[in-house]
Amino acid sequence: MMKNQLRCSIGILIHNEAENIGKLLKALLNQKLEKVEIAEIIVISSDSTDGSDDIVKRYSGINPIVKLITEKERRGKSAAINTFLKEAKEDLILISSGDVIPEEITIEKMIEPFIDSSIGMTGAHPIPVNKTDSFVGYWVHLQWQLHHLIALQSPKLGEMVAFRNIMTSIPEDSAVDEASIEAIITENGFKLFYVPEAIVYNKGPESIMDFIKQRRRIAAGHLWLKRRNSYHVSTNQPQLLLSVLWDEIKRNPWKLHFVILIVILEIWSRFLGWYDLTILKKNPFKWDIINSTKKVN
C-alpha cells in the first residue's frame, strides 16, 4: 500500500435489496484502485426480510472488509446513515443506496479529488438503465441528463456521494440525505465537486404514478431543507433549470410535446410536495419503496 493512499469507508444503506445488493458488493470489491484504498464496506440493513442480509453475509465470509449491521426497525435512510457514521473509521466517507451499480473506476474517481483540501464532497454521475422507447423512459433519461448538465455548472450531488468525515450525524427527519450533507459540508467552508467520469447505473420508475410519487417526496424534502437550513439545491434554481431545458428542446425539437408534459408533471409533483409538507404537515423521510426502481440490470 502506498503511504499517500487515500483510505475510505463505504456505507451501503439497504431495505430489501436482494435484487441488487450482491451485484453492488461484487462491483465494489472489483474496483480498479491505484491512489485509493477501500478500508471497509459497511452495509446497514434496516428491517430487510427478502434475503438481503444472507447475501451480505456470504460476501462478508469471502472478504472481511464487508460488514453487516442489521436494524430491526426501518427508521429512514438518514437514520441508517447516522448508524453508519458511528461505525465508520476513515476520514473519507462514501455512501450509496443499495440499488445502484458503479463502473470499475468510479470509487477511484470519487475519492481522488480529496487530495485538494478545499474539496469537501464529491458526487457520481448517475446514468439510468431504463429503455428510452416510452414516455416514462424518456422522462427518466431527461431528468438525469438535466441533473448532469446542471451539476456541471453548479454541483448537485446524489445517488452515490463521498465526503469528509466531519459530522457525527445528519438530521434523521431529512428525506433528501445527500442534499442535507451538501448543506453541512458547505456550511463548514468546503466545496462541492461533481465527477462526471464517476459513473453509477441506476433504475428510474417505470410508471407515471411511481415517478410522481418519487418526485413528490423529493420536492417535499428539498422544501423542508430550504426552510430548515436555508439551503437551495442547484436543481431548484429556475434560471439554471430553464437554461438546460431550453438546450434540450433545441437538441431534440421533435420531443417538444414530451418536454411540455414532463414540465407539467414536474410542477404538479412539486405542488404535491409543497401540499404534503405545508398543509398535511407530512415529512416523507421514511418513504414507501418503489419496487420498479430496484432491478438495475
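Mentor: A salt bridge is a side-chain nitrogen of Lys or Arg within 4 Å of a carboxyl oxygen of Asp or Glu. Arg7, Glu37 and Glu90 are linked in a network of such bridges. This is a predicted model, in which local features need pLDDT of at least 70 and side-chain atom pairs count only at pLDDT 80 or more, while totals for chains, interfaces and linings use all residues. Residues are numbered from 1 along each chain as its sequence is written, and side-chain values use heavy atoms, with hydrogens and water left out.

Trainee: What makes Glu37 and Arg7 a salt bridge?

Mentor: Their side chains meet at 3.0 Å, N to O, which is within the 4 Å limit.

Trainee: Why is the pair of Trp268 and Phe271 called stacked?

Mentor: Rings of Phe, Tyr and Trp (its six-membered ring) pair if their centres lie within 6.5 Å; planes under 30 degrees apart count as stacked, over 60 as edge-to-face and the rest as tilted. Here the centres are 5.5 Å apart and the planes at 25°, so the pair is stacked.

Trainee: Why is Glu266 called buried or exposed?

Mentor: Buried means under 20% relative accessible area, exposed over 50%, and partly exposed in between (1.4 Å probe, protein chains only). Glu266 has 14% relative accessibility, so Glu266 counts as buried. Its salt-bridge partner Arg270, at 2.8 Å, N to O, has 29% and therefore counts as partly exposed.

Trainee: Why does Lys250 count as buried or exposed?

Mentor: Lys250 has 52% relative accessibility, so Lys250 counts as exposed. Asp247, which meets Lys250 in a salt bridge (3.6 Å, N to O), is partly exposed at 30%.
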